[in-house]
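Please look over the model below. A short report on its fold and on a few selected residues follows.

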Amino acid sequence: MGDRLRAIAAKLDALSTRLDHQEYLDDTRYAFLQNAFETRQASLPAAMTHLLAQLPSMATTPQVSWWKELDVPGKLPYARDRIVECCFWILAVYFEPQYSQARKIMTKVIATLSITDDTYDAYGTIDELELLTEAIERWDISCLDDLPECMKLPYKLLIKVYEEIEQEATKEGRPYCVNYGIKEV
C-alpha cells in the first residue's frame with residue numbers, strides 16, 4: 001500500500017506543476033481525484049459519498065467561472081492557480097446541501113487569500129508589501145491610489161470579495177458577520 005500512496009502523491013505533484021494548458025491540467029486533476037475516490041467509494045461513510053456526488057458539477061460551479069473571469073494566470077502569473085483544490089477543500093468542510101452559500105463564499109475567500117499570500121511570498125518587494133499591508137489594515141478602497149500598480153489588483157480583489165460577502169450577509173440580516181472576517185485578514 002505504501003508504494004500506491006507514493007504513486008498517488010507523485011501524480012498529484014506532477015499535476016500541480018504549472019502547464020501551458022491550464023484547462024487540461026484542471027480536467028486532469030478533476031479526473032484523477034474522481035477516479036481515486038470512486039475506487040474507494042464502497043468503504044466511505046455517507047458524508048463522503050455525498051462529496052463524491054458533488055465532484056461532477058465542481059468544474060461548472062460559479063466559483064470556477066468567477067476564477068476564470070478573473071484570469072489569474074494571465075494577470076497574476078506568480079499566483080497559484082488552485083481553484084479546483086479550493087472548491088474540493090471547501091466541499092469537504094461544508095458538504096451538506098444546506099451549506100451551498102457557505103461553500104461559495106469560503107471558496108472565494110480561500111482563493112483570494114491564496115493570491116494575497118502568493119503576493120507576499122513570491123512577488124512583492126518589501127516597500128510594496130509595506131504599502132499593501134497598510135492598505136489592508138486601513139481597509140478602504142481609496143487606499144488603491146497609494147499602491148503601486150502591481151499591488152492594485154490583489155488589493156481590489158480582496159476588498160471586492162468581502163463586499164460581495166457583506167451584500168449576501170445583509171440579505172440574510174447578518175451584515176455584522178463580515179467585520180469578524182475582515183479583522184482576521
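## Asp-71 and Trp-139

Where does Asp-71 lie? Asp-71 sits in the loop between α4 (62-70) and α5 (72-75). The model is predicted. Phi of Asp-71 is near 55 degrees. That is a positive value, in a residue other than glycine. Most residues other than glycine have a negative phi. Is Asp-71 buried or exposed? Neither label applies, because its relative accessibility is 35%, and Asp-71 counts as partly exposed.

Trp-139 also has a positive phi, near 50 degrees, and is likewise a residue other than glycine. Trp-139 is placed in the loop between α8 (126-138) and α9 (149-171).

## Overall fold

The protein chain has ten helices and zero strands. Along the sequence the pattern reads α-α-α-α-α-α-α-α-α-α.

How do contacts spread along the sequence? Take the contacts between residues at least 6 apart in sequence. Of these, 51% join residues at least 24 apart.

## Surface and burial

The protein chain holds 185 residues, and 34% of them count as buried. Its accessible surface comes to about 11100 Å². Carbon and sulfur atoms account for 55% of that surface.

## A buried threonine in α7

Thr-112 is found in helix α7, which covers residues 100-123. Thr-112 has a relative accessible area of 1%. The cut-off for buried is under 20%, so Thr-112 is buried.

Which residues is Thr-112 in contact with, leaving aside its neighbours within four places in sequence? They are Trp-66, Leu-157, Leu-158 and Val-161. Trp-66 falls within the range of α4 (62-70). Leu-157, Leu-158 and Val-161 fall within the range of α9 (149-171). Thr-112 of α7 thus has contacts in both of those ranges.

## Cysteines

A disulfide is a covalent bond between the sulfur atoms of two cysteines. How many disulfides does the model have? The count comes to zero, with a cut-off of 2.5 Å between the sulfur atoms. Cys-87 is in no disulfide. Its nearest cysteine sulfur belongs to Cys-86 and is 7.0 Å away. That distance is over the 2.5 Å cut-off, so Cys-86 and Cys-87 do not count as a disulfide pair.

Cys-87 is buried, because its relative accessible area is 6%, under the 20% cut-off. Cys-150 has a relative accessibility of 23% and so counts as partly exposed. Cys-150 falls within the range of α9 (149-171).

Note on methods: Residues numbered from 1 in each chain as written. Predicted model: local features only at pLDDT ≥ 70, side-chain atom pairs only at ≥ 80, totals over all residues. Heavy atoms only, no water. Helix = DSSP H or I, 4+ residues; strand = E, 2+ residues; numbered from the N terminus. Buried < 20%, exposed > 50% of the residue type's maximum accessible area, 1.4 Å probe, protein only. Contact = heavy atoms within 4.5 Å. Areas by Shrake-Rupley, 256 points an atom, 1.4 Å probe, with all protein chains shown as cover.
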